[in-house]
Amino acid sequence: MDFDPRTKTGASPDHSHATDEAVPRDAGIMALRTSILNKLNYHVGKARVVATDRDWFVATALAVRDRVVDRWMASTNLAYQQQSKRVYYLSLEFLVGRLLFDVLNNLDLTGTVRAALRTLDVDLDALRTLEPDAALGNGGLGRLAACFMESMASVGVPAHGYGIRYDHGLFQQVVKNGWQQEYPEEWLSLGNPWEFERAELYYDIGFGGSVEEVRGEDGASSYAWRPAEIVEALAYDTPVVGWRGRRVNTLRLWSARPADPLRLDTFNRGDHVGALTERVRAEAITKVLYPSDATPAGQELRLRQEYFFASASLQDLVRRHIRAFKSLSTMPDKVAVQLNDTHPAIAIPELMRILIDLHGVPWDEAWRITQGTFCYTNHTLLPEALERWPVPLMEQLLPRHMQIIYLINARHLAQVRAAFPDDHRLLSNVSLIDEYHGRSVRMGNLAFIGSHGVNGVSALHTSLMRETVFSDLHALFPDRIVNQTNGITFRRWLHQANVGLTKLLVETVGSRVLDDPTALESLRPLVGDAAFQQRFAKTRHDNKVVLAALIREQLDIIVDPAALFDVQIKRIHEYKRQLLNILETIALYDAIRADPMQDWTPRVKIFSGKAAAGYHQAKLIIKLAHDVARVINADPVVGDRLKVVFLPNYCVSLAETIIPAADLSEQISTAGMEASGTGNMKLALNGALTIGTLDGANIEIRERVGAENMFIFGLEAAEVEARRAAGVDATETIAASGALSGTLAAIETGVFSPDERERYHSLVHALRHHDHFLVCADFDAYFATQRATDALWRDPAAWWKSSILNTAGVAWFSSDRAIRDYARELWNVPSWPEA
């Protein structure tokens, strides 16, 4: 490729004289070819002779987007014509990943576009890698939101997603000498061809200021908020295409800009930087996902983010509702707002403010509308994730909302006091205000009180919600909490990510498997068929070859695709217990070195995931993984029998490569701490066998694929609580386990950190004396269960039988099923039936 100084990547080869004789020339292909060339010429502004691969990607995306727009407009118009009830999904995260193949797959255009590009001597697969991941999420929460948006379009639910258009999203993870470093994610640096900027559509978002009482002519009081600061929320729309393009919904993301972009008087006085202060302050709201809240300024920015997008979204949906239905009183019948975790909970007092202060709705009627409109999904039982905002910060930043929260709380507590007049403990626990820890607003309680429906995301999680964090509120409102187990879109995580397996399924079961996940059940009679097992295993091996090539390219580590690929890919957190996996890896390494002549099962340990920027312990675990990998991978005694790799910058696209190649799925969180998990579903769908605890959706997966086709170990949720109540000092547990004792001694004495022998002293000390996540308690059971996986791997017929049964048994975990359940049980909206 010749270097072109006008671009960063150089110019593509000259395509102007490419021959097209070998390419079919049907009308659809030639129409797309013409459209792509027109976009290249008139939108990108390039001729074929100088077009880069990036130019071809943009032209292709725009040509495909044109074929989405007519369906998008038709879907929107139909919702207005039918006066449909709409769902509004509010989420601080939407981890959508790359969209090109997602859209092509759902419109059945992949082959057509591939052929059209071939006539131009352009490779569609090469363009795929040029599209940046839209890293607008941190993990399962954001990926669930993306799956749900696609499924709502696929099952015919009119919906809008609302979130933030982060300039940089979650950070880019770079690992240097084993340490995670964070750099800005640049997904927007070259533009986003899928979105439509709505320059004319923006809303004023207020912060700070004061609240004034205003008396009308009749003597009645009302309240007017006079914000000290105004920021504008500008809308950007991305169409979300459902399966086969039958419906297209809208993802609307908000970008912050100042009401006054430049203080010209300040600029002309010579303070050129100071003239931009307000602009910088406003734009900071949508700069990055999850800015550190370790400082007061960071905490304030988090709250500004949450209110910014909640207010803009509610102003937008109220405007749309009034336009369509005139009266606000009908909102519960025509609007369903789903709060995806506690981040958008500030929307509840914001809707009350809009109804009461801006539209004159009386309090009782406003509360009826609000409760009838909102539903709340809780995603975690971790205390730090059930947000609390300091009362002084709320009073400073959102004074009117704090007044409304106080009144909601007063009325709520009055009802509780009337029913339980002497129960002061109950009153304290169900209050929206925590009076004992620096006075803070409990956003989880606010979301619960302000919603008519509250759901957990797995059967176990929902049960624990009722028993723990919301036990008192559940006693007051026993019908409010329901379960809605998470789901995943099979179209991305099977059809798109695992083309080889999908092709095999279509050949075996028929094309109905593309429309109806329950068709996977038809695989059950084939689980013992040797010929089918061989074909199923071949698709896995092909995917492992691709992953092995990626590992060699990125890490310069050679792994054997014939080895067992043991995968743990998820956010790095102590409760997810990557540390347990590392300890078992060390113990296995020691065992191989002690008896190198034994017939060990070759294994590749594959890790990937990001640690929160301020989470020191999680970063230390990443460093330990790299130190262990460095020692093991260089040991000639072990050779190919054990390799350890950590793939950096985990994202949706990387997951799409790893998941189809996984043999073993690590779902080993401390029981009772993982709300659901969706990685477990994606991996099982692609035939990986789960090794895990009875936590989250692992329990429901076991019910559907069979306990004999999983590897379950460890303490159960009730046993975890009992163990913690008895104390979390693990000294005796460690002493009783030779393998664990030896492993911790090796870490503690610097075997894996000879350059800094004390590097992991704090980590080992925490395990010995404060093993809150019960890593030591579960170690021996985990090690033994891993040896059971070794034994099954050495019996290929038994392994592939279990693998096929995993794929056959997980149809229920489709996000289409989950959305139909939400639609029926929480939102009261119709959806299309299963195919």
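**Notebook: helix crossings, cores and cysteines**

I began with a pair of helices and noted that α23 and α30 cross in a left-handed way. I should say at once that I am working from a predicted model.

**Entry 1: α23 and α30.** I looked up the geometry of this pair. Helix α23 (residues 616-633) packs on helix α30 (residues 761-769) at an angle of about 110 degrees, and their axes are 10 Å apart. I therefore wrote the two down as roughly perpendicular. Next I listed who meets whom: α23 brings Gln617, Leu620, Ile621 and Leu624, while α30 brings Ser762, Leu763 and Ala766.

**Entry 2: α9 and α11.** I then turned to another helix pair. Here helix α9 (residues 296-325) and helix α11 (residues 347-358) have axes 9 Å apart and pack at an angle of about 45 degrees. I entered α9 as oblique to α11 because of that angle. The crossing of α9 over α11 is right-handed. On the α9 side I found Tyr307, Ala310, Ser311, Leu314, Gln315 and Val318, and they meet Ala347, Glu350, Leu351, Arg353 and Ile354 of α11.

**Entry 3: the nonpolar cores.** Which residues touch the most other members of the largest nonpolar core? I got Met152, Phe308 and Trp827, in a core of 158 residues. Helix α2 (residues 53-81) gives this core its largest share, eleven residues. I also found another core lying apart from it, with 110 residues, including Val559, Ile621, Leu624 and Ile701. Two of those names, Ile621 and Leu624, I had already met in α23 facing α30. Going back to Met152, I listed its contacts, leaving out residues up to four places away in sequence: Val87, Tyr89, Val157, Ala159, Asn249, Ile819 and Trp827.

**Entry 4: helix α26.** Ile701 led me to helix α26 (residues 698-705), where the buried residues are Asn698, Ile699, Glu700, Ile701 and Val705. What covers them? Among the elements I noted over these buried residues are α17 (459-467), β16 (481-483), β20 (664-667), α25 (679-685), β21 (689-692) and α32 (796-809). Just past the end of α26, Gly706 has a positive phi of about 100 degrees.

**Entry 5: cysteines.** How many disulfides are there? I counted zero, taking a pair of sulfur atoms within 2.5 Å as the cut-off. Cys651 is in no disulfide, and its nearest cysteine sulfur, on Cys147, is 15 Å away. Is Cys375 buried or exposed? Its relative accessibility is 0%, so I marked Cys375 as buried. Cys651, with a relative accessible area of 26%, went down as partly exposed.

Methods
Residues numbered from 1 in each chain as written. Predicted model: local features only at pLDDT ≥ 70, side-chain atom pairs only at ≥ 80, totals over all residues. Heavy atoms only, no water. Buried < 20%, exposed > 50% of the residue type's maximum accessible area, 1.4 Å probe, protein only. Core = buried A, V, L, I, M, F, W, Y, C linked by side-chain atoms within 4.5 Å. Helix = DSSP H or I, 4+ residues; strand = E, 2+ residues; numbered from the N terminus. Contact = heavy atoms within 4.5 Å. Axes fitted to C-alpha atoms, helices over the stretch in contact; angles between N-to-C directions. Parallel < 35°, antiparallel > 145°, perpendicular 65-115°, else oblique. Left-handed = near helix turned anticlockwise from the far one by under 90°.
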